[in-house]
Amino acid sequence: TLRVGVTRLSTADAIDPARASTVGGYLIARQLYDTLTEYGTDGQVAMRLAESIEADGAADVWIIRLREAVWHDGSPVTADDVIHTFRRILDPESPLPPANSLPFMDPDGLSRVDDRTVRVELRYPTMILPNALTSPTMAMVPQGFDPEAPIGSGPFRLESFEPGTRMAFAANPSYWRDGLPRIEALEVVGFPDSVSAVNALLGGQIDAAPSIDPALAPVVERAGDRFTVFEYPTSGTLTWQMNA
């Protein structure tokens, strides 16, 4: 079991990926579910649950081809599940935040070509469809999805959930990515701040503490060779919104 300490878990953390808006909600979405695409550390869009996403010459029709994958209950991920996910997000009777990122998508323009292929006819041409599908809120869910008993295609299954405090996951042995996950279980523990997370790390209550305050990195480094501080590129951005 890998024990990870995370700051800013919240009672508002959502199990439904389409309602994720917090650190914990995004964390859950990344463990339980898959998006069709993702950003690599080089900032470029890469395929994830999708094997390919290709546009026609005018970029108003796109073809999504799924890789072979299964849901946590063992049933295959199909084109019908992808169509269901998009229509669920775009349903005006049940407005979900991700719908704002898909203004060009028409729920009536979605059609099944075969079990693993979806044809997407857009309201107007765009080249950013693959980019829009990278967000954890765009994670694919099966038909009949129930947030009370969540099923995804991600690397882990949810074992227990204490909002704002703790969450536990078990490895998905049928995950489509070879060699992943590399651990049998994942436990996420919430801390109010980086200081308490680092203290728990140094005290052996957790094994890893991601995204700590950079000022605390030297504290961890001075604690001895039991610990390693990793720095790596990400596609995250910090923006300042100016009231001009």
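M242 is exposed, with a relative accessible area of 70%, where exposed denotes over 50% relative accessible area, buried under 20%, and partly exposed the range in between (1.4 Å probe, protein chains only). This residue is placed in the segment after α5 (217-221); helices (H or I, at least four residues) and strands (E, at least two) are DSSP runs numbered from the N terminus. Together with L238 and W240, M242 makes a nonpolar surface patch of about 510 Å². Such patches consist of residues with over 30% relative accessible area and no salt bridge, nonpolar side chains (Val, Leu, Ile, Met, Phe, Trp, Tyr) being joined within 5 Å and like charges within 9 Å. Accessible areas come from the Shrake-Rupley method with a 1.4 Å probe, and for residues only the protein chains shown count as cover.

The model is predicted: local features need pLDDT of at least 70 and side-chain atom pairs count only at pLDDT 80 or more, whereas totals for chains, interfaces and linings use all residues. Residues are numbered from 1 along each chain as its sequence is written, and side-chain values use heavy atoms, with hydrogens and water left out.

An open sheet of 4 strands follows the order β4-β5-β7-β6, with antiparallel pairing; two strands pair if DSSP finds at least two bridges between them. Its edge strands, β4 (50-55) and β6 (105-114), each pair on one side only. On average, neighbouring strands of this sheet are turned by 20° against each other, direction ignored. Axes are lines fitted to C-alpha atoms, for helices over the stretch in contact, and angles run from 0 to 180 degrees between N-to-C directions. Strand β5 (residues 61-66) is joined to β4 in the antiparallel sense over 5 bridges, and W62 in β5 is the bridge partner of A55. Helix α2 (residues 79-90) lies across β5, β6 and β7 (117-122), running at about 175° to β6; contact means heavy atoms within 4.5 Å.

Strand β10 (residues 185-191) pairs with two further strands. Pairing with strand β1 (residues 2-7) is parallel and spans 6 bridges, with R3 opposite E187 in β10. Pairing between β9 and β10 is antiparallel and spans 5 bridges; here V188 in β10 is the bridge partner of M167. Because 6 of the 7 residues of β10 are buried, this strand is largely enclosed by the rest of the structure.

The structure holds 14 salt bridges, each defined as a side-chain nitrogen of Lys or Arg within 4 Å of a carboxyl oxygen of Asp or Glu. In one of them, D34 is joined to R48, with the closest N and O atoms 2.8 Å apart. D34 lies in the loop between α1 (23-32) and β2 (37-39) and R48 in the loop between β3 (45-47) and β4, so the pair ties together parts that are 14 residues apart in sequence. Both D34 and R48 are buried, and a network of salt bridges links these two residues with E38 and R177.

A salt bridge also joins E51 to R116, the closest N and O atoms being 3.6 Å apart. This pair links distant parts of the chain, as E51 is in strand β4 and R116 in the loop between β6 and β7, 65 residues apart. E51 is partly exposed at 40% relative accessibility, whereas R116 is buried, with a relative accessible area of 19%. The side chains of E187 and R166 meet in a salt bridge of 2.1 Å, N to O. E187 belongs to strand β10 and R166 to strand β9 (residues 166-171), the two being 21 residues apart. R166 is partly exposed, with a relative accessible area of 31%.
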